[in-house]
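User: I would like to go through the strands of this model. Please keep the answers short.

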Amino acid sequence: IFGAFARILEERVPLLLIRYRHHTVIGGLGRLGMSIARHAHAQHHPFIAIELDERTPQVADAQELRGGTVLLGDMTSTAVLRQARCEFARNVFFCASSDIANLDAAFHARRLMRHTHGHPKPRIFVHVFDAGLSDAFERGLRARRRDEVEIVPFNSYRFVAKALLAMLVRDRLVPSLHVSPEVALQRTSWPEGEDLDSMKAAPDLETGRKRLLAAFRLARPREDSGERYAIVGMGRLGRALARNLLDHTSPASR
């Protein structure tokens with residue numbers, strides 16, 4: 001009994017004593033939710049994580065992060081969302097393992113924010129594994145009224161596939177990346193023969209842009225380049241990578 005009472009105090013006291021504003025709300029403490037929590041902690045931004053199952057290993061990990069609070073409850077409940085002060089948050093992420101639960105929680109959070117005035121509206125990001133489901137809900141995700149918050153769907157596997165493709169272009173394993181029907185991004189021979197010392201002396205934003213322009217160039221797509229790629233494992237990441245290769249490499253590629 002004393003242990004249960006201590007856990008309740010550990011969970012509720014920060015929510016009662018701290019009036020959270022401009023914080024990050026994370027619905028679902030899986031791998032993705034924990035990554036967002038660690039990022040908020042690294043940026044010194046407070047966060048409130050909502051998790052239904054207290055036995056989830058990430059609950060203890062999130063509780064150890066300074067500036068973070070874990071709220072045990074159902075993120076699809078309006079009462080729980082109100083306890084997490086979603087309407088006063090800076091960003092709200094729903095990233096549980098269920099697409100339906102993430103979308104349901106996002107719509108509940110949007111309705112909760114309709115009745116809040118006098119401060120900037122937070123942004124709602126909802127993780128959707130199934131791209132078809134995201135497309136089916138596209139009309140409902142868009143804001144229909146001026147005071148309504150827009151729900152932004154995202155897919156972590158698509159982000160990883162895009163990052164991986166960018167690395168392949170950087171390492172010249174993919175010769176060019178089609179960015180539009182008439183324009184391709186190609187890797188140059190830089191930094192061979194370039195004066196790197198002058199660029200390294202001032203690592204500011206402008207220097208970074210110059211280095212990026214030196215490393216890549218825009219050119220007309222080469223339709224005769226028929227590279228062949230092998231993807232082993234057609235799970236979510238494999239399919240996302242295949243989609244990016246089909247969209248951004250030469251039509252002659254296979």
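**Strands and their partners**

Analyst: This is a predicted model. In it, Ser176 stands opposite Gln186 in β8.

User: How many bridges join β7 to β8?

Analyst: Strand β8 covers residues 183–187. The two strands run antiparallel. The number of bridges joining β7 to β8 is four.

User: Which are the edge strands of the open sheet with the order β7-β8-β9?

Analyst: The sheet has three strands with antiparallel pairing. An edge strand here pairs on one side only. The edge strands are β7 (176–180) and β9 (216–219).

User: Which helix packs on that sheet?

Analyst: The helix touches β8 and β9. Its direction makes about 55 degrees with that of β9. It is α10, residues 205–215.

User: Which residues point one way from β2, and which the other way?

Analyst: In a regular strand, side chains alternate between the two faces of the sheet. Phe47, Ala49 and Glu51 point one way. The other way point Ile48 and Ile50.

User: How many residues of β2 are buried?

Analyst: Buried means under 20% relative accessible area. Strand β2 spans residues 47–51 and is mostly covered. The count is five of five.

User: Through which helix does the chain cross from β1 to β2?

Analyst: Strands β1 (residues 24–27) and β2 pair in the parallel sense over four bridges. Gly27 stands opposite Ile50 in β2. The β-α-β crossover is right-handed and goes through α2, residues 31–42.

User: What is the handedness of the crossover from β2 to β3?

Analyst: Strands β2 and β3 pair in the parallel sense over five bridges. The chain crosses through helix α3 (residues 57–63). This β-α-β crossover is right-handed.

Definitions and conventions
Residues are numbered from 1 along each chain as its sequence is written. This is a predicted model: local features need pLDDT of at least 70, side-chain atom pairs count only at pLDDT 80 or more; totals for chains, interfaces and linings use all residues. Side-chain values use heavy atoms; hydrogens and water are left out. Two strands pair if DSSP finds at least two bridges between them. Contact means heavy atoms within 4.5 Å. Axes are lines fitted to C-alpha atoms, for helices over the stretch in contact, and angles run from 0 to 180 degrees between N-to-C directions. Buried means under 20% relative accessible area, exposed over 50%, partly exposed in between (1.4 Å probe, protein chains only). A crossover is right-handed if, with the strands pointing away from the viewer, the path from the first strand over the helix to the second runs clockwise.
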